[in-house]
Amino acid sequence: MMLSPERLALPDYEYLAQRHVLTYMEDAVCQLLENKEDVSQYGIARFFTEYFNSVCQGTHILFREFSFVQATPHNRASFLRAFWRCFRTVGKNGDLLTMKEYHCLLQLLCPDFPLELTQKAARIVLMDDAMDCLMSFSDFLLAFQIQFYYSEFLESVAAIYQDLLSGKNPNTVIVPTSSSGQHRQRPVLGEASMLEGVEASLFYQRLESLCDRHKYSCPPPALVKEVLSNVQRLTFYGFLVALSKHRGISQANGRLN
C-alpha cells in the first residue's frame with residue numbers, strides 16, 4: 001500500500017489528530033452502545049466497517065446533531081455536499097426561496113441546525129436588503145459554504161476588520177480596569193462599518209498571519225490574496241461576497257465538485 005507524502009511527513013499522533021480519528025472512534029463507540037441490541041444481530045466488526053464506510057462516503061452526518069455535523073472539516077464538507085445533492089433541483093428549477101425556507105431545508109438534514117448561521121449566510125447574499133427577500137439556490141449555497149465551513153475563521157476576520165476600522169493597534173493588549181471588572185464586548189458590525197471599508201493591503205497583512213494560525217480552517221492564503229489584490233479598499237461584507245464567488249474557494253477542497 002502506498003502512503004501519501006503527507007502521511008510520510010507527519011508523526012503518527014499528529015496525522016491521527018489532523019484527521020480527527022479519535023473523534024470518529026469515540027462517536028462509533030457511542031453509536032455502538034446506543035444500538036447494541038441491533039448490533040448484536042450482525043456483529044461488532046460489521047458495525048465498525050459500515051460506520052467507517054459511511055464516514056468515507058460522507059453519509060455519516062445525515063440527521064445527526066449539529067455538534068457532530070460541525071465537529072470536523074470532513075463533517076462540514078460532507079454536510080455541504082449532502083445539502084447540495086438533496087436540494088440541487090431547487091437551483092435547476094430556478095426557484096427562489098427566503099432565508100427561513102432555506103433554514104427549513106437545512107433542518108431536514110440536521111434538526112437542530114442553528115438559525116444564526118443561516119442568517120449570516122443570507123446576509124452575505126442580501127447585504128442591505130430585508131432578510132425576507134428571495135434568493136436563488138446557487139447564491140445561497142455559495143455564501144452558505146464559506147459561512148459554515150469557515151465560521152471560526154470568519155469570526156476572527158470580523159474582529160480584525162473592526163479593529164482596523166477603529167484604528168486599534170494589533171499589538172495592543174487591553175486590560176480591564178478595576179472600575180469595570182470585565183472585558184468590553186466587541187462592537188457588532190453595523191451599517192457604518194459596512195460602508196466605510198478598510199485598506200485592502202493592510203487587511204491582507206492581518207489575514208495572512210491569521211491564516212498561519214488557522215491552517216485547517218481557512219481558505220487557501222493565495223486565494224485570499226487574489227481576492228484582496230483586485231481592490232484598494234473594501235468592506236467586510238464585500239470581502240465575504242468576493243470570497244463566496246471565487247471558484248477556487250470551492251475547488252480547493254472539492255466540497256461541491
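In this predicted model, Arg 64 and Glu 65 form a salt bridge whose closest N and O atoms lie 3.2 Å apart. Glu 65 is partly exposed, at 35% relative accessible area. Arg 64 has a second partner: its side chain also meets that of Asp 27 in a salt bridge, at 2.6 Å from N to O. This pair connects distant parts of the chain, since Arg 64 sits in the loop between helix H5 (44-57) and helix H6 (66-69), while Asp 27 belongs to helix H3 (residues 21-34), 37 residues away. Arg 64 has a relative accessible area of 11% and is therefore buried. Asp 27, at 9%, is buried too.

The structure holds 5 salt bridges. Another of them joins Glu 116 to Lys 120, with 3.5 Å between the closest N and O atoms. These two residues are 4 apart in helix H9 (residues 115-126), so about one helical turn separates them. Asp 27, Arg 64 and Glu 65, by contrast, are joined into one network by salt bridges that share partners.

The largest nonpolar core has 64 residues, of which Phe 79, Phe 203 and Phe 239 touch the most other members. Helix H10 (residues 137-149) supplies the largest share of this core, 8 residues. Leaving aside residues up to four places away in sequence, Phe 79 touches several residues, including Ile 61, Leu 106, Phe 113, Phe 144 and Phe 148.

Helix H11 (residues 151-166) has 16 residues, which at 1.5 Å a residue should span 22 Å; the end C-alpha atoms are 23 Å apart, so the two values agree. Among the buried residues of H11 are Phe 153, Tyr 161, Gln 162 and Asp 163. Gly 167 follows H11 and has a positive phi, near 75°.

Note on methods
Residues numbered from 1 in each chain as written. Predicted model: local features only at pLDDT ≥ 70, side-chain atom pairs only at ≥ 80, totals over all residues. Heavy atoms only, no water. Core = buried A, V, L, I, M, F, W, Y, C linked by side-chain atoms within 4.5 Å. Buried < 20%, exposed > 50% of the residue type's maximum accessible area, 1.4 Å probe, protein only. Contact = heavy atoms within 4.5 Å. Expected span 1.5 Å × (residues − 1). Salt bridge = Lys/Arg side-chain N within 4 Å of Asp/Glu carboxyl O.
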